[in-house]
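Please provide a short report on the sheets and pockets of the model shown here, together with the helices that accompany them.

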Amino acid sequence: MLTQERLLQVVTYDHLKGCFHWKIKPTGSVNVGDRFGVINCINGYDEGRIDGTLYTVHRLVWLYFYGYFPKCIDHIDNNRANNRLYNLREVTQVQNSFNAKLSKANKTGVKGLFYHKEQRTYIAKICVGKTTHSIRFKQVEENDAKVIAEATAWLKETRERLHGEFANH
């Protein structure tokens, strides 16, 4: 397992850009001073190898400054490539899920808002653990701007109350 001591031997951290640069020449094609890691085009995380093991850069930043790998780290701005220390925070898995982005499957464009065609009902829903908080707007047409605005306001207020600093709209 990589230690803080070993990490400090092989890379240096650029505070302005939130990235690492090599202090050593790890391979024939990489030179001292080269940027460490690349953006994974599938998951969006900046990652690279040290001593043959693949690591995400945000986890290495945490190790670099705090000396350990936490179970879960959150990118506050949801940008997986922004690995500046001020943009990272240690969280629980539940707290990290609060800060999730809008699902690609969402058709309303509002996180937590769904339209049920058969019932002609908008449902605004927020889950915290095993508890679901929801409100229904019955007998409305799809894309009803007034209902969407009302539901969005309810979601924002409820999310901020339940999720606190981890709320992400």
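The report below treats two sheets and then two pockets of this predicted model.

**The sheet S3-S4-S5**

Three strands, in the order S3-S4-S5, make up an open sheet with antiparallel pairing. Strand S3 (38–39) and strand S5 (53–56) are at its edges; each has a single partner strand, so one side of each is left without a neighbour in the sheet. Four bridges link strand S4 (residues 46–50) to S5 in the antiparallel sense. Within this pairing, arginine 49 has leucine 54 in S5 as its bridge partner. Helix H2 (residues 57–66) packs on the sheet and touches S4 and S5, and its direction makes about 85° with that of S5.

**The sheet S8-S9-S10**

A further open sheet of three strands follows the order S8-S9-S10, and its pairing is antiparallel. Its edge strands, S8 (113–116) and S10 (131–137), each pair on one side only. On average, and with direction ignored, neighbouring strands of this sheet are turned by 25° against each other. S8 and strand S9 (residues 121–128) run antiparallel and are joined by four bridges; leucine 113 has alanine 124 in S9 as its bridge partner. Helix H4 (residues 145–163) lies across S8, S9 and S10 and runs at about 10° to S9.

**The two pockets**

The table sets out volume and lining by class.

| Pocket | Volume | Nonpolar lining residues | Polar lining residues | Charged lining residues |
|---|---|---|---|---|
| Largest pocket | about 310 Å³ | four | five | four |
| Second largest pocket | about 250 Å³ | six | five | four |

The lining of the largest pocket comprises 13 residues, and those nearest its centre are Tyr45, Asn78, Arg80, Ala100 and Lys101. Strand S6 (residues 73–75) gives the most to this lining, with three residues.

The second largest pocket is lined by 15 residues, with Ser97, Lys111, Gly112, Lys125 and Arg159 closest to its centre. At least two residues of its lining come from each of helix H3 (93–98), S9 and H4. The strand S9 gives the most to the lining of the second largest pocket, with three residues. S9 thus links the two parts of this account: it is joined to S8 by four bridges, and H4, which also supplies at least two residues of the lining of the second largest pocket, runs at about 10° to S9.

How values were computed:
Residues are numbered from 1 along each chain as its sequence is written. This is a predicted model: local features need pLDDT of at least 70, side-chain atom pairs count only at pLDDT 80 or more; totals for chains, interfaces and linings use all residues. Side-chain values use heavy atoms; hydrogens and water are left out. Two strands pair if DSSP finds at least two bridges between them. Axes are lines fitted to C-alpha atoms, for helices over the stretch in contact, and angles run from 0 to 180 degrees between N-to-C directions. Contact means heavy atoms within 4.5 Å. On a 1 Å grid over the protein atoms alone, a cavity is a set of points where a 1.4 Å probe fits but cannot get out, and a pocket is an open set with protein on both sides within 12 Å along at least five of seven lines; lining residues have an atom within 4 Å of a point. Grid points are joined across faces, edges and corners, and a volume is the space filled by probe spheres set on the points. Ala, Val, Leu, Ile, Met, Phe, Trp, Tyr, Cys and Pro count as nonpolar, Asp, Glu, Lys and Arg as charged, and the others, Gly among them, as polar.
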